[in-house]
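Here's a quick briefing to read with the model open on your screen. Take a look at the fold, then work through the topics below.

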Amino acid sequence: MLANLRKTNTQEAKVTEEMIISNISHGGVFIESNNSQYEIGGLISFDLFLPADRHKLHIVGVVKWRNTSEPYGIGVEFVTVSTEDHGKIIQYIEKHQPPIP
């Protein structure tokens with residue numbers, strides 16, 4: 001799954017990076033990145049592209065943690081996501097994640 005990330009709390013907000021989301025939940029995502037510019041507590045905005053959906057989902061999130069060993073990346077909690085887009089995320093999760101035994 002792909003995401004185009006933009007930092008929202010700096011002058012660099014116009015810079016967009018394409019990154020891979022390797023884990024998604026109802027409340028957030030893990031975004032693979034070895035870029036240390038994403039500080040814990042910092043806001044980022046990103047467009048999420050779900051594989052089964054042709055539309056991008058626009059999300060604002062806060063960086064909650066950073067993994068400094070492999071797999072490198074950041075844990076982002078959703079702060080702003082439309083009700084419709086959140087519903088699409090929930091449908092994707094329910095369809096693609098295996099049930100808990």
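What follows is a short tour of the helix, the core, one strand pair, a loop residue and the salt bridges. Keep in mind that this is a predicted model. Helix H1 turns one face inward, the biggest nonpolar core has 19 residues, and there are three salt bridges to go through.

**The helix**

- H1 covers residues 83-96, so to speak a 14-residue stretch, and spans 20 Å from first to last C-alpha, close to the 20 Å you'd expect at 1.5 Å a residue.
- Which residues of H1 are buried? They are Asp 85, Lys 88, Ile 89, Tyr 92 and Ile 93.
- Look down the axis of H1 and these buried residues fall within an arc of 135°, so they line one face of the helix.
- That fits the general rule that an α-helix has 3.6 residues a turn, so residues three or four places apart point the same way.
- On the other side of H1 you'll find Thr 83, Glu 84, Gln 91, Glu 94 and Lys 95, which are exposed.
- The cover over the buried residues of H1 includes four strands: E2 (17-24), E4 (43-49), E5 (56-67) and E6 (73-81).

**The core**

- Within the largest nonpolar core, the residues touching the most other members are Val 29, Ile 31, Ile 44, Phe 46, Leu 48 and Ile 89.
- Who contributes to this core? At least two residues each come from E2, E3 (28-32), E4, E5, E6 and H1.
- Ile 89 is worth clicking on, as it is among the buried residues of H1 and also among the core residues with the most partners.

**Strands E4 and E5**

- E4 is mostly covered, with five of its seven residues buried.
- Its pairing with E5 is antiparallel and runs over seven bridges.
- To get from E4 to E5, the chain goes through a hairpin of six residues.
- Phe 46 sits opposite Ile 59 of E5, and Phe 46 is also one of the core residues that touch the most other members.

**A buried serine in a loop**

- Ser 33 belongs to the loop between E3 and E4.
- Is Ser 33 buried or exposed? Its relative accessible area is 10%, so Ser 33 counts as buried.
- Leaving aside residues up to four places away in sequence, Ser 33 touches Met 19, Tyr 38, Tyr 72 and Gly 73.

**Salt bridges**

- As a reminder, side chains of opposite charge can pair when their charged atoms come close.
- Asp 47 and Lys 56 meet through their side chains at 4.0 Å, N to O.
- Asp 47 is buried, at 9% relative accessibility.
- Lys 64 pairs with Glu 77, with 3.5 Å between the closest N and O atoms.
- Lys 64 is in strand E5 and Glu 77 is in strand E6, so this pair ties together parts that are 13 residues apart in sequence.
- Both partners are partly exposed: Lys 64 has a relative accessible area of 46%, and Glu 77 comes in at 37%.
- Lys 88 and Glu 84 make a salt bridge at 3.8 Å, N to O.
- Both of these residues belong to H1, where Lys 88 and Glu 84 are four residues apart, about one turn of the helix.
- Their surroundings differ: Glu 84 is exposed at 56% relative accessibility, whereas Lys 88 is on the list of buried residues in H1.

Definitions and conventions
Residues numbered from 1 in each chain as written. Predicted model: local features only at pLDDT ≥ 70, side-chain atom pairs only at ≥ 80, totals over all residues. Heavy atoms only, no water. Expected span 1.5 Å × (residues − 1). Buried < 20%, exposed > 50% of the residue type's maximum accessible area, 1.4 Å probe, protein only. Arc of directions from axis to C-beta. Contact = heavy atoms within 4.5 Å. Core = buried A, V, L, I, M, F, W, Y, C linked by side-chain atoms within 4.5 Å. Pairing = 2+ DSSP bridges.
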